[in-house]
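The following exercises concern the confidence, helix packing, strand pairing and chain contacts of a structure. Each task is followed by a solution in steps.

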Amino acid sequence: MPAQRLHSRFSPHLALLPMALTVLVAYIGGALWTLRTSFTASRTFPSDTYIGVAQYVRLFDNERWLLSLHNLAVYGAAFIVACMVIGFVLAVFIDQNVKGEGVLRTVFLYPYAMSFIATGLVWQWLLAPGSGIEGAMRQLGFEGFSFDWIVHQDLVIYTVVIATTWQASGLVMALMLAGLRGIDPEIYKAARLDGVPAWRVYLQIVLPMLGPTVATVFLLLTTSVVKLFDAVVAMTQGGPGIASEVPAKFIMDHLFLRSNIGLASSGAVTLLLPVLALLAPYAYARSRRARLNGGRA
Amino acid sequence: MNRLQAAAPPMPIAHAPAAARRKRHLTPARIGVYAFLISAALFFLLPLYVMINTSFKPMQEIRMGNVFALPVAATLDPWRDAWGAVSHGFWNSVAIAVPSTVIPILLGAINGYALSFWRPRGANLLFGVLLAGAFIPVQVMIYPLVWMMAHAGVFGSLPAIVVVHVIFGMPLMTLLFRNYYASVPHELFQAARIDGGGFWRIFLQVMLPMSLPIVVVAAIMQVTGVWNDYILGLVFAGRENLPMTVQLNNVINTTTGTRLYNVNMAATILTAAVPLAIYFISGRWFVRGIAAGAVKG
Amino acid sequence: MSNVHLRKLCITRGNNEIIRDLDLQIDPGEFLVLLGPSGCGKSTLLHSIAGLIDLSGGAIEIGGRDMSHADPSERGIGMVFQSYALYPTMSVEQNMSFGLKIAGTPKAEVQRRVRRTAEMLQLDALLERKPAQLSGGQRQRVAIGRALVREAGVYLFDEPLSNLDAKLRAELRRELKMLHQTLGSTMIYVTHDQAEAMTLATRIVVMQGGRIQQIGTPADVYDTPANRFVAGFLGSPSMNFIEGSVDAQGSFGAGAITLPLGRADAVGAVTLAARPEHLHVDDNGPLDARVTLVEPMGNHQVVWLDCAGQQLSCIVHDARPLATSQAVRFGIDAGRVSLFDPASGKRV
């Protein structure tokens, strides 16, 4: 019957309406709104006064913002490198047919089940000078032991690295392990025949084969770096002073506490750019691979 | 036709001493592997140990003792106090998590189903943008959402936070279901259509019943993500509905006076308990979820 | 070319004794095929010769030197794997030269060997390509090339043709045989395909359950199988087996089937085995049967006969028309049959 067929023809479209709304209104709409606001003089409330790129100028004149960018760069580099190396090494070692693999995987991955807040709070406690690890080591007899990074302006960001690396390495390990499991076992045999020492097999043969996995991991870690917020709030509150300020926190503070929506929006747009810069080649590479594989995405 | 020059006697391969060598079982290399893995495991378990340890100690012991020592006079008081401080948040988190899991799963399933089998025009493009949205820092979209909800009069309420979780959970949920349905043989769908099924009938009577494994994975990922969320709960839930993570941070980082570390740790454990329990119970499903979401995405 | 000597080899994995007390002597320049069904231990044996699997007992000598515990790369061997195991991120040239570079071979020598092997295997145009850009047959040649550049004493092949389609398989089989004729190297080859074994081998080792059933030239193993397993494993369609007995006059009888053999030495219950090509449909033949199925194969026909309840296969080389249920007469070539003890399966 025609009515039924009409209904049926548009059912998929209707069913996808929530997705369309979400994408168009929340994601694209939201991003465009923020972009627009970044060109206005909005303070506590959105305003319609266009001031060109003045907010951006103000932004990059802002000591706190610049420090937050610097922190993010330092944090990002340390975090990504540490997670990748630790995750890869853990995966390689676990892949050596060790007994108790299940237990080990559970131990390395459970931190990922904890919220950033809980992670930050635990590590705040552990790294507290005098009462945490520093105190314990001193009590054990290492009188001169000092581990008070968390109160040092130059070192505090590394405490955040420690805490979040602890949390995320397990994830990297799980993903790398999945990748390792997809490698033809006869490759290892061929390498043994060729007399290749184990470390070289992993570095020169296996790691290049894990290209797509490494790319995915890198993408996930990078976006996680950009979003860094909860852990800083829990661990250091951006302190001491503003020493561990990060862009996400800067933006949130200016949106809600300091009532400067225009400035915050410009920060948000600036934060968006590296993510888009990373997504574009990644998406292009994936769609190219999909087309080469016959369109199976 | 003999392209090969008359064979000179083949050159010997390098040196080739035949040494009676290693028995495979406990070589130094293998001991090294286990040593490394066990040390790493201890590092990963350290915070958990310290958390649990501290939560059973009276404050006196904490002030005097070192952070690694076991409690001498273990007590449950910190736990009672901790529960008192965060129990409100616990029930709020439950109230938020249930709808914020059920609805995104349902929508994710519908989206995945429509994208995999019906493929309306433009849907894939929309999906691509949705996926990209998952990587964008949430700060880009937070204020527009706040503004919209404030104007609709729903800001700071349970429905508000649920809608926000639906919006931000949609990319991962849709991805999980789409990839799952992509592995269902297309012939099954075609047979159902020949049998006369329409969009909703095939979904409800054929696809959804088959989807239990992925529903479990999706539920685990979404519950964990919602429970561990801080920033969205902080902004959108409203003072009456603050989730446990927000309440935890408030309790620990904003109290003045002496910090009760044992209560803090107990409260942290309580907050982390639900996702950790899910993780330890579901184990393999958790890992499968990560692999399904991250690697394919 | 090296010889290989296996002495009382034992290989155990977990609680399974996969190979027990195996002795085998392989002469230089032989093309030895390890043939058997899945799980018979042939691959395990090959891997242990390569040094990829540890021995639980016994010794392996390669080229006169004890290699029982040596590293695979030190045994003077090259190996070709079933899945080719080419390094996917390296070019053909890099795949072939990698092992030599690791061993510290001087660059000039590496280049010389790679170029020579590439020419031999018609890979010169493909040296810069990655494995993903090659066809199955080309990848197989690269895998062979990677083994050949090692200029080893022994080359090991682990079912290298099983991932190829039938036509390509036949083509590469011929190329392998020519390669062996050209190089004259010792080659040990594992397969479950008896046609491959027959065409390639100078000697075949038939294996089952971790033990050697028979060692011999293809002709030996085909014409005079040592036991019932070997008899049934080689030949397609497989041998016909008829349970019966030999009387005091040396004649075989099984119900309606009788066959004078002159085998008075084999009195008692026996299993008679006859190859399909040794049954002849003949209007003057001594035995009666009815045709149950005819399979036309182009250049011959496989005819299935029912003779007093026994299902026998017979190869007919001419194009005579045979219909189902047709009554025919046939004979069995008494000089070519084998007799086996029904209990032990051994040749009588």
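The quantity pLDDT is the predictor's confidence in each residue, from 0 to 100. The model is predicted: local features need pLDDT of at least 70 and side-chain atom pairs count only at pLDDT 80 or more, while totals for chains, interfaces and linings use all residues. Residues are numbered from 1 along each chain as its sequence is written, and chains are lettered from A and ligands numbered from 1 in the order in which they are written.

**Exercise 1. Confidence**

State the average pLDDT of chain A and identify the elements with the lowest and the highest mean.

Step 1. The average over chain A is 87, and 95% of its residues score at least 70.
Step 2. Elements are DSSP runs numbered from the N terminus: helices (H or I) of at least four residues and strands (E) of at least two.
Step 3. Among the elements of chain A, the lowest mean pLDDT, 71, belongs to helix H1 (residues 2-15), and the highest, 94, to helix H4 (residues 63-94).

**Exercise 2. Two packings of helix H8 of chain A**

Characterise how H8(A) packs against H6(A) and against H11(A).

Step 1. Two packed helices are described by the angle between their axes and the distance between the axes. Axes are lines fitted to C-alpha atoms, for helices over the stretch in contact, and angles run from 0 to 180 degrees between N-to-C directions.
Step 2. Helix H6 (residues 116-126) and helix H8 (residues 156-181) of chain A pack at about 130 degrees, with axes 10 Å apart. H6(A) is therefore oblique to H8(A); angles under 35 degrees count as roughly parallel, over 145 as roughly antiparallel, 65 to 115 as roughly perpendicular and the rest as oblique.
Step 3. The contact (C-beta atoms, placed from the backbone, within 7 Å) involves Thr119(A), Gly120(A) and Trp123(A) of H6(A) with Thr159(A), Ile162(A), Ala163(A) and Gln167(A) of H8(A).
Step 4. By class, this contact of H6(A) with H8(A) holds 3 nonpolar, 4 polar and no charged residues. Here Ala, Val, Leu, Ile, Met, Phe, Trp, Tyr, Cys and Pro count as nonpolar, Asp, Glu, Lys and Arg as charged, and the others, Gly among them, as polar.
Step 5. H8(A) and helix H11 (residues 211-226) of chain A pack at about 160 degrees, with axes 10 Å apart. The pair H8(A) and H11(A) is therefore roughly antiparallel.
Step 6. From H8(A), Ala168(A), Val172(A), Leu175(A), Met176(A) and Gly179(A) meet Thr213(A), Thr216(A), Val217(A), Leu221(A) and Ser224(A) of H11(A). This contact of H8(A) with H11(A) divides into 6 nonpolar, 4 polar and no charged residues.

**Exercise 3. The sheet of chain C**

Determine the strand order and the edges of the open sheet in chain C.

Step 1. The 5 strands follow the order S15-S19-S16-S17-S18 with antiparallel pairing; two strands pair if DSSP finds at least two bridges between them.
Step 2. S15 (279-281) and S18 (310-316) of chain C each have a single partner strand, so one side of each is left without a neighbour in the sheet.
Step 3. Strand S16 (residues 287-296) and strand S19 (residues 327-332) of chain C pair over 4 bridges. Arg329(C) in S19(C) is the bridge partner of Asp288(C).

**Exercise 4. Contacts of chain A**

Describe the contacts that chain A makes with chain B and with chain C.

Step 1. Chain B brings 68 residues into contact with 76 residues of chain A. Helix H1 (residues 28-55) of chain B gives the most to the side of chain B that touches chain A, with 11 residues.
Step 2. That side of chain B has 53 nonpolar, 15 polar and no charged residues.
Step 3. The contact of chain A with chain C takes 13 residues from chain A and 15 from chain C. H9(A) gives the most to the side of chain A that touches chain C, with 6 residues.
Step 4. By class, the side of chain A that touches chain C has 7 nonpolar, 1 polar and 5 charged residues.

Terms used: Contact = placed C-beta atoms within 7 Å.
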